[in-house]
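Good morning, and thank you for the time on today's agenda. I would like to take you through one structure, and I ask that you keep it in view as I speak.

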Amino acid sequence: MSISSKVLLNIRLHIGRILPAQPCILCGAASRERAWCDACDAALPYLPSAHCPQCALPTHDGAVCGHCLRHPPSFDRTIAAFAYNFPVDKLVQALKFNERLTLAHSLAQPLAQRIEVRPDGIVPMPLHPARLRERGFNQSQELARHLARHLGVPLLPGVVQRVRDTLPQSGLPWKERRKNLRQAFVCGGEVVGKHIAIVDDVMTTGASLNELAKVLRAAGALEVSAWVVARTLPHSR
Ligand SMILES: [Zn+2]
Ligand SMILES: [Zn+2]
């Protein structure tokens, strides 16, 4: 390392140390590490370690759940950091609707820490261009960007396009959700033989992630992992 790059590194480390604390988004106490403080972090609803490896729903001793046994999803595994309960639901909604992009880093970090198998590429859940124009950014892409940088894995944002402007999944009865997504995605990238991780903020029924995984598999992906910040649990639906 040259002297000038050493000096630069030192300056950067120094700046890191003297960064002013920001108020915790949840309680207002000082926080340096992330958008919320350590005390609030300790109280967050982290996902129980015993959960279905395929869909992340809590199960006894981490066995595959009955639903995944009966209807195996198109993704091989789900990694989730949190249960979609208070206050994680508020944090995710703040990321989505208040454009608090600093939250993307804080929400992606605990997810990155749970990832043991590095994929070949990361694909964010695509938004339809009309939704993107309306919202101004894609929260899944923001999360994926942090994950890609943290893990040193390429981000492949243009591999899958959302070609149908579907109704918002959250406004539909569960049975309608799968139908709503038919032919919503088109894969135009090179994924043959690759392990692709798909990123979304929340998994509720898993219908969108399942449809996206199906499209990637049809295009030749060998393995698909679903990475989500939070998993909706049956009692919080
Ligand atoms: Zn706090
Ligand atoms: Zn399952």
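I shall discuss the metal site, then the cysteines, a loop residue, a helix and a strand residue.

Please bear in mind throughout that this is a predicted model.

Let me begin with the metal. Which residues coordinate the zinc ion, ligand 1? The donors are the SG atoms of Cys24, Cys27, Cys37 and Cys40, at 2.3 to 2.4 Å. Along the chain, these donors follow the spacing C-x2-C-x9-C-x2-C. What is the arrangement of the 4 donor atoms around the zinc ion? The angles they subtend run from 106 to 118°, and the arrangement is therefore tetrahedral, since four donors count as such if all angles lie between 85 and 135 degrees.

Are the donor residues Cys37 and Cys40 buried or exposed? Cys37 has a relative accessible area of 7% and is therefore buried. Cys40, at 17% relative accessibility, also counts as buried, because the cut-off for that class is under 20%.

I turn now to disulfides. How many does the structure hold? The number is 0. As a reminder, a disulfide is a covalent bond between the sulfur atoms of two cysteines. Two further cysteines may be mentioned here. Cys52 is buried, its relative accessible area being 0%, and Cys68 is buried as well, at 4%.

Next, the loop residue. Pro20 sits in the loop that runs between helix α1, residues 3-18, and strand β1, residues 22-23. With a relative accessible area of 64%, Pro20 is exposed. Its C-alpha lies 9.1 Å from that of Ala30, and the two residues are 10 apart in sequence.

The helix I have chosen is α4, which spans residues 88-97. Its buried residues are Val88, Asp89, Leu91, Val92, Ala94 and Leu95. In general, an α-helix has 3.6 residues a turn, so residues three or four places apart point the same way. What covers the buried residues of α4? The covering elements include the strands β3 (77-83), β7 (195-203) and β8 (223-231), together with the helices α5 (102-112) and α7 (139-151).

Strand β3 also brings us to the last residue, Thr78, which lies in that strand. Thr78 is buried, with 3% relative accessible area. Its side chain reaches the backbone oxygen of Gln54 at 2.6 Å. Beyond four places in sequence, Thr78 touches Pro53, Gln54, Cys55 and Ala56, and also Met203, Ala226 and Val228.

Thank you; I am happy to take questions.

Terms used:
Residues are numbered from 1 along each chain as its sequence is written. Chains are lettered from A and ligands numbered from 1 in the order in which they are written. This is a predicted model: local features need pLDDT of at least 70, side-chain atom pairs count only at pLDDT 80 or more; totals for chains, interfaces and linings use all residues. Side-chain values use heavy atoms; hydrogens and water are left out. A disulfide is a pair of cysteine sulfur atoms within 2.5 Å. Buried means under 20% relative accessible area, exposed over 50%, partly exposed in between (1.4 Å probe, protein chains only). Donors are N, O and S atoms within 2.8 Å of the metal (3.2 Å for Na, K and Ca); water is not among the atoms, so sites may look incomplete. Four donors count as tetrahedral if all angles lie between 85 and 135 degrees; four count as square planar and six as octahedral if opposite donors are over 155 degrees apart and all others between 65 and 115; anything else is irregular. Helices (H or I, at least four residues) and strands (E, at least two) are DSSP runs, numbered from the N terminus. Contact means heavy atoms within 4.5 Å. A polar contact is a pair of N or O atoms within 3.5 Å; within protein, one must be able to donate a hydrogen and the other to accept it, and residues adjacent in sequence count only if both atoms are side-chain atoms.
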